[in-house]
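Student: Could you take me through one part of this structure closely, the place where the two chains meet? I would like one connected account that I can follow on the screen.

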There are 2 protein chains.
Amino acid sequence: MSYRNQTADDAIKALLDPALVKRLDKLFFPKSIAVIGASDIPGKWGFLLISNIIGGGFKGQLYPINPKKDSLMGIKSYKSLADIPGEVDMAVMTIPAKAVPDAMRECVAKRVEAVTVITSGFREVDEEGAELEREITKIANEGGISFIGPNTMGVGSMYNDMVAIGSPVFPDKGGVAIISQSGNVGIQFMMWGAARNIGVSFFAGIGNEAQLKSSDFLAYFGMRDEVKSVAMYLEGINNGREFMDVARAVTAKKPVLAMKTGRSATGSAAAASHSGSMAGAYATYSAMFKQVGIMHATNPSEMISVAAAAATVPIPKSNRTAIMTFGGGWGIIAADECDVAGLTMPKLPQYLIDEIDKILPPFWNRSNPVDLVAEGEPDKVLKIMQLLADWEEVDSIIALGVVGRLSFIENFVECQRKVDNTPINVELKAELMSDYVRRENKILTEIAAIQNKTGKPIINVTLGSGDNKSIFETANGNVMVAASPDDAAHIISQLAGYHKYLQSTK
Amino acid sequence: MSYRNQTADDAIKALLDPALVKRLDKLFFPKSIAVIGASDIPGKWGFLLISNIIGGGFKGQLYPINPKKDSLMGIKSYKSLADIPGEVDMAVMTIPAKAVPDAMRECVAKRVEAVTVITSGFREVDEEGAELEREITKIANEGGISFIGPNTMGVGSMYNDMVAIGSPVFPDKGGVAIISQSGNVGIQFMMWGAARNIGVSFFAGIGNEAQLKSSDFLAYFGMRDEVKSVAMYLEGINNGREFMDVARAVTAKKPVLAMKTGRSATGSAAAASHSGSMAGAYATYSAMFKQVGIMHATNPSEMISVAAAAATVPIPKSNRTAIMTFGGGWGIIAADECDVAGLTMPKLPQYLIDEIDKILPPFWNRSNPVDLVAEGEPDKVLKIMQLLADWEEVDSIIALGVVGRLSFIENFVECQRKVDNTPINVELKAELMSDYVRRENKILTEIAAIQNKTGKPIINVTLGSGDNKSIFETANGNVMVAASPDDAAHIISQLAGYHKYLQSTK
């Protein structure tokens, strides 16, 4: 495994110019940021960037630049980049498109090596914009600058507390890196992820990719230890060969997902006019992803869930799964969803039936899915889970309703209060709830232990409501909780497909 | 329309025995409930039922029955049904299966006409259980009792504040009625619905359907004004002809959805062993649903969303839709999802382009999806929505990111606080947030007005996070907010299919 990773690292490194790596380090881990086009007019991009960088808790130096101001929102401001006393690691530009070439020249003069060009009005608009885009790219190339954009929402680097993004979005630190050709889609991934506590490492809103391409970020994220999985939203790829080489190297090391729009004619046409990229035939992309081991997600929900799982659980060694369920109906729904997702569900062998017979009452269903017939005692539930995980004919488990029942408990406690007709006893309620949380934490910690011991992913499906956490941290590692049975089935199907790819390359 | 409804009402009435209607009234609107098998041992069914009936706020008389107790949880308790002084409209049984026949006889003696048999251990277990099931059905039939179950989670009647259910689940009052062959699935629908504020009118956990069948509840809900749409979870149907007659009559009046498990061989086998119903060929069911105008949902998320929308928005007169979006990427994703869901997206006619030209800056995309290029001013956004709704070539609108940005605003306000470096000004924050809520309410109210005026559904997709409300009440009526673009596309596709069915029956 470590040898394999070593090789994979070498392969990625061979594809990345060391000078570029240094500049990408400055893009994502700058000690100082200049915002060219800073503003104190609420709602303007130059205002939002300052606001979000500070709001995100950036610890480094922030230099607003505005030719008409000495200070902005209480922060010392500079008339130009040249006026800044110290070094500038990264510059964010949010000025009119026509002013970008000059600003890029100022960056060259100031030896700023990493730039984010938020500004739109380039290739995506007209030929004049395209010409302007070629001009800024030339200036950057000749001046030793790596830049992301133009026409991007910005960059995020959660382990550097840096949200150099036009939207106020603050996910937890975590393993998922996001590369998005659409700013709003990338940000939405983070918003939904944040609501489900799916942690993010990096965000790259790549926009028009005038210079830095999706493949550059993919390679960089492939090398960074913070990144456990990479999720890409793509409307098109212009450097197909390079992209494939990079992808092949990165997928050898860590899971990579892509969502590609343009499945439909309308979507394809809209994509072409949006980011100005060649949309290309959807089927071609799909085949390409398969060839290089990229998991292909067909909608945003699948994208977010699979990326989170890929950063969290072991990769299953086959598509054979066992289901355990707290309710018969959900087990059936899950079995259907597994079938649709191409998973197989082996029959329970006699020895397993005999073992589970010792735990469950005589009327249990004796088949896969295993219906726990409402047996909720943690030790018994975990014993059955351990038996299923040890079963050699399956490589993953879907556990329905084993965790995530806090809202039931909450309602239950509230009912008791009404039955007793006493005023709310806040302390008692808190005690009951924390009892439940302790119980659930115990189960989750044991699930992580079983997962570690067997190397088989255990995807839990919450049957509660309201508690939307997807990733639970325990003393034994992280546990994944999916939102629905179809979500769980897609996760295992995608990860098993990734394992199959890895096997095929051995 | 009223004539049509009149006919539909007559058709439904013709299928329902008036005596049965009277008894179903007692099942869902009892003034008094006896719980046969009441217990004060926490966790027992007899405990949970008492707890949930009280917790749900039931206003009528509650009679716990337990031969060993004088009072239970502070409530006067009775040794037997016969001891109860007043009338009992409905009895809930949660006693061992073998005791059910005697309890049913006691109900006959006490002239209880509506009974819920929670108890399991009947047909779903073995032949002995099946014999017991036939016995209780015979007693009920001869004694003038209508009963639901056995092997059910119970019944809920939100407009009667009655949760005679084993789980503590308390959705808002609303338009969706649920019929579920699996108790846990039906309850999960309500839990997820509650988290998304999707209101429920009735819940019928039909269990083994020894006597009362899904079709009885479908007919009853078809006649009740509280019910705006019916969602059914089915593992199988044993009275196909009757079911179809009822369904045909009800769908003529209001939207009906079904989710049928057993798509896969494994799921089908599991269903057979779960509720003891004949699973039958999935394709046969699908064809049958189509024939009688039932919308067929393939997974739980679709089921919940479409049922909520069907209870909320007008039925679109075709599958032609217009998309308006706050972000280009999401527009493309939505266009793809519409295509997959079988919707068509006509091209914008010149007159519309000219009109929108007057509102949006020159660089807007001039096609469907209409990208609002971040124009957030409510009057302008609503003007464009009105133009699209008036456009004769479409019968529905998907609006992405027009509503649901509260979490963005929240983060924005929080950033400002950090920028100003002042302690949290709770009042100012509250003022900013309520400003935003007022703005959003204005937009939603206007959307409802446009929807009313044009009779075209406007499905909003929230691009926020955390705020999971699906149905917004406004002065002009309710507005539907879907969770994702694919959710919105499925909603319109299903409802347009329903309209097509209605047209075909004219």
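**The interface of chain A and chain B**

Tutor: Happily! Together, chain A and chain B bury about 5,300 Å², with 65% of that on carbon and sulfur atoms; buried area is the accessible area (1.4 Å probe) that two parts lose on being put together, summed over both. Please keep in mind that this is a predicted model, in which local features need pLDDT of at least 70 and side-chain atom pairs count only at pLDDT 80 or more, while totals for chains, interfaces and linings use all residues. Residues are numbered from 1 along each chain as its sequence is written, chains are lettered from A and ligands numbered from 1 in the order in which they are written, and side-chain values use heavy atoms, with hydrogens and water left out.

Let's begin with who takes part. Chain A brings 65 residues to the contact and chain B brings 65 residues, where contact means heavy atoms within 4.5 Å. What about charges and polar groups? The rule finds zero salt bridges across the interface of chain A and chain B, a salt bridge being a side-chain nitrogen of Lys or Arg within 4 Å of a carboxyl oxygen of Asp or Glu. It does find 10 residue pairs in polar contact there, both residues at pLDDT 80 or more. A polar contact is a pair of N or O atoms within 3.5 Å; within protein, one must be able to donate a hydrogen and the other to accept it, and residues adjacent in sequence count only if both atoms are side-chain atoms.

Now look at the chain A side. The elements giving two or more residues to the side that touches chain B are helix 3 (45-55), helix 6 (183-195), helix 9 (265-275), helix 12 (328-340), helix 15 (406-420) and helix 17 (485-504) of chain A. Helices (H or I, at least four residues) and strands (E, at least two) are DSSP runs, numbered from the N terminus. Helix 12 of chain A gives the most to this side, with 10 residues. Sorted by class, the side of chain A that touches chain B holds 30 nonpolar, 28 polar and seven charged residues. Here Ala, Val, Leu, Ile, Met, Phe, Trp, Tyr, Cys and Pro count as nonpolar, Asp, Glu, Lys and Arg as charged, and the others, Gly among them, as polar.

While you have chain A on screen, two loops deserve a look. The peptide bond from Gly149(A) to Pro150(A) is cis, with omega near 0 degrees, and Pro150(A) sits in the loop between strand 7 (146-148) and strand 8 (154-157) of chain A. Glu209(A), not a glycine, has a positive phi of about 50 degrees.
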